[in-house]
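Open the model in your viewer and keep the sequence panel beside it. Each stop below gives a selection and then what is there.

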Amino acid sequence: MYFYDWTYIFVVIGALLSIAASAKVKSTFYRYAKVASYSGMDGKEAARRVLANAGIHDVAITHVAGELTDHYDPRTKTVNLSDAVYSQRSVAAIAVAAHECGHAIQHNQQYFPLSFRSTLVPVANIGSRAAWPLILVGLFINSNTGYFILQLGLLAFSFSVLFQLVTLPVEFNASHRALCMIEDYQMISNEEQKGAKKVLFAAALTYVAAAAASILQLLRLMLIAGNRRR
């Protein structure tokens, strides 16, 4: 009765949100990946300008393979740009490159939500690995011990949800910084700013969808735990 119940609707809603957000970011990115920027900059050049103007000279810009695999790595202090960004001269490439540099600036300025998220990484990783084994064991043991194990699983899963929530202000702030920088440094025209905003907004939706899906899953597990207790 634990695996075939109405609470699966939460899983379905979360999955649909994630699929819709992923489709949105891909379609928006590739739409503006075809729009050349008037500045003629490619992604790596835009990243260099942003970092230089921010007074950051110890962050490397590297090329990584893959589709939309762009990220900033605070451990190695590298801005990693994907195939569609690193050497491409488009509005989408400049927006994404500036966004990743926004994370580098956050790191340099010790932006609290980013620092807090970094401290959560090991706890969230352990929680995500331990949560489901604990939850499943707790569901199969019909005793107070089983309920206690189930609660431990929910606690572990909660850390993953918390990580997703803390990620939201980090990502939105990086996008805000990116838009300000590419405008101030005249990397795109006023008309192209609309496209850059759409690209970064669509990217932010993926994090919102991931957080929503995690919250819905946690709510479902809490309902199951409540029924298990009764």
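What should the 29 residues of helix H5 (residues 112–140) span at 1.5 Å a residue, and how far apart are its end C-alpha atoms? Select H5 and check. The expected span is 42 Å, and the end C-alpha atoms lie 41 Å apart, so the two agree. Bear in mind that this is a predicted model.

**The whole chain**

Zoom out. The protein chain holds seven helices and three strands. Read from the N terminus, its elements run α-α-β-β-β-α-α-α-α-α. Along the principal axes, the C-alpha atoms fill a box of roughly 65 × 35 × 25 Å. Of the 230 residues in the chain, 46% are buried.

**Back to H5**

Select Val 121. H5 bends there by about 40°. A proline, Pro 122, follows within four residues.

Now colour the buried residues of H5. These are Pro 113, Leu 114, Arg 117, Leu 120, Ala 124, Gly 127, Ala 131, Ile 135, Gly 138 and Leu 139. Look at the spacing in that list. An α-helix has 3.6 residues a turn, so residues three or four places apart point the same way.

Trp 132 also lies in helix H5. Is Trp 132 buried, partly exposed or exposed? Its relative accessibility is 33%, so Trp 132 counts as partly exposed. For a long-range distance, add Lys 44 to the selection. Trp 132 and Lys 44 are 88 residues apart in sequence and 41 Å apart in space, C-alpha to C-alpha.

**H4 and the loop after it**

Step back along the chain to helix H4 (91–108). Its 18 residues should span 26 Å at 1.5 Å a residue, and the end C-alpha atoms are 26 Å apart, which agrees. H4 is mostly covered, with 16 of its 18 residues buried.

Which residue takes a positive phi just after H4? Select Gln 110, where phi is about 55°. Gln 110 sits in the loop between H4 and H5. Most residues other than glycine have a negative phi. Gln 110 is not a glycine, yet its phi is positive. Because its relative accessibility is 63%, Gln 110 counts as exposed.

**The loop between H6 and H7**

Jump to Gln 186, in the loop between H6 and H7. Gln 186 is another non-glycine residue with a positive phi of about 55°. Its relative accessible area is 56%, so Gln 186 is exposed.

**The sheet**

Next, show the strands. Three of them form an open sheet in the order S1-S3-S2, with mixed pairing. Strand S1 (60–63) and strand S2 (71–73) stand at the edges. Each has a single partner strand, so one side of each is left without a neighbour in the sheet. Neighbouring strands are turned by 25° against each other on average, direction ignored.

Take the parallel pair. Four bridges join S1 to strand S3 (residues 78–81). Select Ala 60: its bridge partner in S3 is Thr 78. Then select Ile 61, whose partner in S3 is Val 79.

Move to the antiparallel pair. S2 and S3 are joined over three bridges. His 71 stands opposite Asn 80 in S3. The hairpin of S2 and S3 has four residues between the strands, and Lys 77 takes a positive phi near 55° there.

Are the faces of S3 covered or open? Turn the sheet to view each side. In a regular strand the side chains alternate between the two faces of the sheet. Thr 78 and Asn 80 are buried on one side of S3, and Val 79 and Leu 81 are buried on the other, so both faces are covered.

**The largest pocket**

Finish with a pocket surface. The largest pocket has about 920 Å³ of space. It is lined by 32 residues, and the closest to its centre are Asp 70, His 71, Glu 100, Glu 171 and Tyr 207. Select those five and centre the view on them.

Several elements give two or more residues to the lining: helix H1 (8–32), S2, H4, H5, helix H6 (144–184) and helix H7 (190–229). Which element gives the most? The answer is H5, with six residues. That brings the tour back to its starting helix.

Definitions and conventions
Residues numbered from 1 in each chain as written. Predicted model: local features only at pLDDT ≥ 70, side-chain atom pairs only at ≥ 80, totals over all residues. Heavy atoms only, no water. Expected span 1.5 Å × (residues − 1). Bend = angle between axes of the 7 residues up to and from the residue. Buried < 20%, exposed > 50% of the residue type's maximum accessible area, 1.4 Å probe, protein only. Pairing = 2+ DSSP bridges. Axes fitted to C-alpha atoms, helices over the stretch in contact; angles between N-to-C directions. 1 Å grid on protein atoms, 1.4 Å probe; cavity = no way out; pocket = protein on both sides within 12 Å on 5 of 7 lines; lining within 4 Å. Points joined across faces, edges and corners; volume = space filled by probe spheres on them.
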